[in-house]
Amino acid sequence: MSRRSINYRHGLLLLDSAFSCGDEILAREKRRRVREQTLTTLTAKRESCISLSGKNHNSMKRKADRFRTNGIVALTSLEKPVLSNIYDIGAGGASFLHVDETAVDKVEIKMDILIYDSLTDFEYFISQVNGRVVWRELVADPENNFPVWRFNVAFFDLDSTQQSQLQILCNQQQTANIWF
């Protein structure tokens, strides 16, 4: 074989490997663009999460502290009852996570709240609490990072029993290890 044909064949091999490298680079670039588009879409959805009253929830100040907890909330005033995990709770309101934004289609809701701690067998139940959905936003589930909707609810029209139950629950945070 002449030196010229060896160089030619070597050049073809280089070209062939450059094309396969180029395909890999293009595929990597395409995956990066898809990730960016997904992130942009989620960011846009999150930024569009203006409260149902028309105010941006980030500028609103809570009247009472909230605490992370284990618990479930049963929304009983909807056409179909909805069960959801509580994200946090305080004397003035709570927030919960749900996968379906359309499941909570009312602004004013009634809910049963159950707080529990499996390590200490602590359970606390408050029934028929009136709440108003103040805002909702798309967030990552703390356990598995799947996108879920976080609904923030402000309590209203609480009777004295419900108010004292919520206050006791919030005071419990200082004496028991049920909060995160």
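Trainee: In which sense do β2 and β3 pair, and over how many bridges?
Mentor: Start with direction, then count bridges. In this predicted model, β2 and β3 run antiparallel, with four bridges between them. A hairpin of six residues connects β2 to β3. For one bridge partner, take Val 73: in β3 it is Ser 84.

Trainee: Which strand does β5 join through five bridges?
Mentor: That strand is β2, and the two run antiparallel. Two positions help you trace the pairing. Gly 71 has Ile 115 in β5 as its bridge partner. Ala 74 stands opposite Asp 112 in β5.

Trainee: How many bridges join β5 to β6?
Mentor: Nine, again read with the direction: β5 and β6 are antiparallel. Ile 115 appears here too, with Tyr 124 as its bridge partner in β6. So far, then, Ile 115 has been paired with Gly 71 and with Tyr 124.

Trainee: What should I look for in the hairpin of β5 and β6?
Mentor: Look at the residues between the strands and at their backbone angles. There are four residues between β5 and β6, and Asp 121 takes a positive phi near 60°.

Trainee: Back to β2. Which side chains are buried there?
Mentor: Read the strand residue by residue and watch the faces. The side chains of β2 alternate. Gly 71, Val 73 and Leu 75 point to one face and are buried. Ile 72 and Ala 74 point to the other face and are not buried.

Trainee: What is the general idea behind a nonpolar core?
Mentor: In soluble globular proteins, nonpolar side chains tend to be buried together. Now the case here. The largest nonpolar core has 27 residues. Leu 75, Met 111, Ile 113 and Phe 155 have the most contacts inside it.

Trainee: Which elements give two or more residues to this core?
Mentor: Six strands and a helix are on the list: β2 (71-75), β3, β4 (93-98), β5 (108-117), β6 (122-140), β7 (147-155) and α2 (160-175). The largest share, six residues, comes from β6.

Trainee: What is Ile 113 in contact with?
Mentor: Set aside its neighbours within four places in sequence. Ile 113 is then in contact with Ile 72, Val 73, Ile 86, Ile 89, Tyr 124, Phe 125, Ile 126, Val 129 and Phe 155. Phe 155 is also among the core residues with the most contacts.

Trainee: How is empty space found?
Mentor: Rolling a probe the size of a water molecule over the atoms shows where empty space is left. In this structure, a search of the whole model finds one cavity of 30 Å³ or more. The largest cavity holds about 30 Å³ of space.

Trainee: Which residues line the largest cavity?
Mentor: Val 73, Ile 86, Ala 94, Ser 95, Phe 96, Met 111 and Ile 113. By class, six are nonpolar, one is polar and none is charged. β4 gives the most, three residues. β4 and β5 each supply at least two.

Trainee: What is the volume of the second largest pocket?
Mentor: About 220 Å³. Of its 13 lining residues, Thr 69, Asn 70, Asn 85, Ile 86 and Glu 143 are the closest to its centre. Ile 86 also lines the largest cavity.

Trainee: How does the lining of that second largest pocket divide by class?
Mentor: Six nonpolar, four polar and three charged residues. For origin, turn to strand β3 (residues 82-90): the largest share of the lining, three residues, comes from there.

Definitions and conventions. Residues numbered from 1 in each chain as written. Predicted model: local features only at pLDDT ≥ 70, side-chain atom pairs only at ≥ 80, totals over all residues. Heavy atoms only, no water. 1 Å grid on protein atoms, 1.4 Å probe; cavity = no way out; pocket = protein on both sides within 12 Å on 5 of 7 lines; lining within 4 Å. Points joined across faces, edges and corners; volume = space filled by probe spheres on them. Nonpolar A, V, L, I, M, F, W, Y, C, P; charged D, E, K, R; others polar. Core = buried A, V, L, I, M, F, W, Y, C linked by side-chain atoms within 4.5 Å. Buried < 20%, exposed > 50% of the residue type's maximum accessible area, 1.4 Å probe, protein only. Contact = heavy atoms within 4.5 Å. Pairing = 2+ DSSP bridges.
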